[in-house]
Amino acid sequence: MTRAPRIPNLGGAKAFILHRPHPTVQAITRQLSAIGLITLDCWPELPPEALAADFVFFDADLGFDEQFPWKPGEAPMPLVALIGSEAPGRIEWALSHKADAQLLKPVGNAGVYSALLIARQSFEARKHLASEIASLRQRVAERQTIVRAVTALAKGTDDGRAYAQLRSLAMSWQISVEDAARRIVAMTSEEATGEEGGDDQSHRA
Amino acid sequence: MGICLKRRIEIGILYSRSGSYQLVSDACRIGAMRAIADINADRSSGIELVPVERDPQSNADRYATLCEDIFRTSSARHVVGCVTSWSRKETIPVLEKAGGMLWYACPYEGFEANEHVVYMHACPNQHLVPLMAHVVPRFGANGFLLGSNYIWGWEMNRVARDLIADAGGKVLGERYLRIGETDVSRLIAEIRATRPNFILNNLIGTSSYAFLAAYRDLGHEDAAFSPETCPVISCNLTEGELPAIGESGKGHLSVGPYFAPRPAAFASSFEASAYASVQVMADVLSSNPEAGPAEFSRAFAERRFSTRLGPIAIDAHSQHATLPVIIGRIADGFFEVVSREDEVAPDPYLSRYDPAKTFGRPRLRVVS
């Protein structure tokens, strides 16, 4: 039986609040301490220690790119945007930093806990998707290798059977089809080099 | 001797006088009213508390409107009330709007820390976690989870699922009944079929009484379901409900900050906790009758309060009380104390919960 991922225990997690001294900071700090997080507030810049933070809350109203020790959209932890004025330009800027959750100012007595959980979940999902996309990209880039491997295996006969052979080789070597194709292409080109001057059949269409 | 002029302060009382969880509601109300009477009779106290009472009749939708009514028609800014978490959550927006405070005297499922609420009874690290830590090594880690169909049962069972997993056990079933439902035959059949080591009972009121009665009958048919082998464990069962439960409760376990000694100052922890709520409230109001959330927060950070429950500290960040954790076994109309730990600080978000400390190292399995 697979269980749904459990609600994470946030005790001892570290959160930075990037906001000028303001009652908003107190309201967030109160909620964060009740939940059990260690809270640090700073303005106008995030200190180097922020790189090791578990969460960063940032002011969307007065924020600017240079406050962050990373490029817009590349924060290594979940971000929560603190939005006061809903000016489109400010929302656009907050979006450029890929905030994972938001809290509307003034911050009242609640909202921080769900923002933490939502930010964490969407940050993890985004990270997971990005790595999946990277690996798919890499596989797509190997299209040509696959074509070459299938051609080499077919040796002018049935392409369908050659592709099936490639797949079963990949399975028996316990590697991806792309890696198997690369191996086959390498093997055939080695053969080709070995037979230099001879009839280069492996590269024949 | 001069005439002692007491300053009159109105406070709201928001407890249901009828409905399926009336016994609990009554216990809280009795505690609050007794505290009011005692403070009013105390010549050394400079205030006279005037109760402004409303009866939501166990209808969750009536709490918010009646709380609003208290704030609109009286000068009260403090309300002692609410039994279910459902009603508490309904009331919070009204408290925020009016700058009022709710003194909540019942155990609840945790994961809340509102500036406008003072949580005077136990939260999960003061009830469910220690109760499970007690039960798992003695009975086993496989549990069957029951609840009434609203937030208390849902959230308690969610935490219980995590705790059972940490203890290396299995959740053998999880079932909910509508509040007031008394047909428990299916639950009993499922428990009989799955043979758990314990049953976590988050049913409330009449559903809970019906279940305990049916479970006792099951125990008569099959000794595997006796309290000695497979107890029903609860985090909100007190003396106040024992008359309704009768013989069928005997031997089962509950946890709370207070079980009534004999003779007892209070009949149950609900009564004790509501009494202490009014005491702490009056303590601050007597020196500052206008005190609101900010002033109370400061007072909580600065000092402890002497109450009939003993000295009480209230965590200024979460506004939850530090409480004793007592595990009790139901005997003839009272609870035998099985274990007791004093001054357990509140941890409403279970952020200090440590599975290894709670359940010890996972037991090694014998490999043959």
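Reply: A quick word before we start: the domain bounds used here are taken from an automatic or database domain assignment. Also, keep in mind that this is a predicted model.

Me: Okay, domains then. How far apart are the C-alpha centres of domain 1 and domain 2 of chain B?

Reply: They lie 27 Å apart. In the assignment, each of these domains is written as two stretches: 7–122 + 262–323 for domain 1, and 125–257 + 325–350 for domain 2. For chain A, the assignment gives domain 1 (14–136) and domain 2 (142–195), and their C-alpha centres are 48 Å apart.

Me: How many residues of domain 1 of chain B are in contact with domain 2 of chain B?

Reply: As a general idea, people often give the size of an interface as the accessible area lost when the parts come together. Here we count residues instead, with C-beta atoms within 7 Å as the cut-off for a contact. On that basis, 29 residues of domain 1 of chain B touch 30 residues of domain 2 of chain B. On the domain 1 side, α1, α3 (85–98) and α9 of chain B each bring at least two residues. That side splits into 14 nonpolar, 11 polar and 4 charged residues.

Me: And between the chains, how many residues does each one put into the contact?

Reply: Chain B gives 13 residues and chain A gives 13 residues. On the chain B side, the classes come out as 4 nonpolar, 5 polar and 4 charged.

Me: You mentioned α1 and α9. At what angle do these helices of chain B pack?

Reply: At about 35°, with axes 7 Å apart; α1 of chain B covers residues 22–41 and α9 of chain B covers residues 269–287. The crossing is right-handed. Look at the residues that meet: from α1(B) they include B:Val24, B:Ala27, B:Ile30 and B:Ile39, and from α9(B) they include B:Phe270, B:Ala274, B:Val278 and B:Ala282. By class, this helix contact has 14 nonpolar, 4 polar and 2 charged residues.

Me: On to strands. In what sense do β1 and β2 of chain B pair?

Reply: A handy general idea first: along a regular strand, side chains alternate between the two faces of the sheet. Now the case here: β1(B), residues 7–14, and β2(B), residues 47–54, pair in the parallel sense over 8 bridges. To find the register, start from B:Glu10, which sits opposite B:Val50 in β2(B). The path from β1(B) to β2(B) goes through α1(B), and this β-α-β crossover is right-handed.

Me: Why is one side of β7 and of β14 in chain B left without a neighbour in the sheet?

Reply: Follow the strand order β7-β6-β8-β9-β10-β13-β14 of chain B: 7 strands in an open sheet with mixed pairing. β7 (171–177) and β14 (335–344) stand at its edges with a single partner strand each, so one side of each has no neighbour in the sheet. On average, neighbouring strands are turned by 15° against each other, ignoring direction. At the β7(B) end, β6(B) (residues 143–148) pairs with β7(B) in the parallel sense over 6 bridges, and B:Gly147 has B:Tyr176 as its bridge partner.

Me: Last one, the backbone. Which peptide bond in chain B is cis, with omega near 0°?

Reply: The one from B:Arg262 to B:Pro263; B:Pro263 lies in the loop between β10 (253–256) and α9 of chain B. Chain A has a cis bond from A:Lys105 to A:Pro106, with omega near -5°. Check B:Arg195 too: its phi is near 50°, a positive value in a residue other than glycine.

Methods: Residues numbered from 1 in each chain as written. Chains lettered and ligands numbered in written order. Predicted model: local features only at pLDDT ≥ 70, side-chain atom pairs only at ≥ 80, totals over all residues. Axes fitted to C-alpha atoms, helices over the stretch in contact; angles between N-to-C directions. Helix = DSSP H or I, 4+ residues; strand = E, 2+ residues; numbered from the N terminus. Left-handed = near helix turned anticlockwise from the far one by under 90°. Contact = placed C-beta atoms within 7 Å. Nonpolar A, V, L, I, M, F, W, Y, C, P; charged D, E, K, R; others polar. Pairing = 2+ DSSP bridges. Right-handed = clockwise from strand over helix to strand, strands pointing away.
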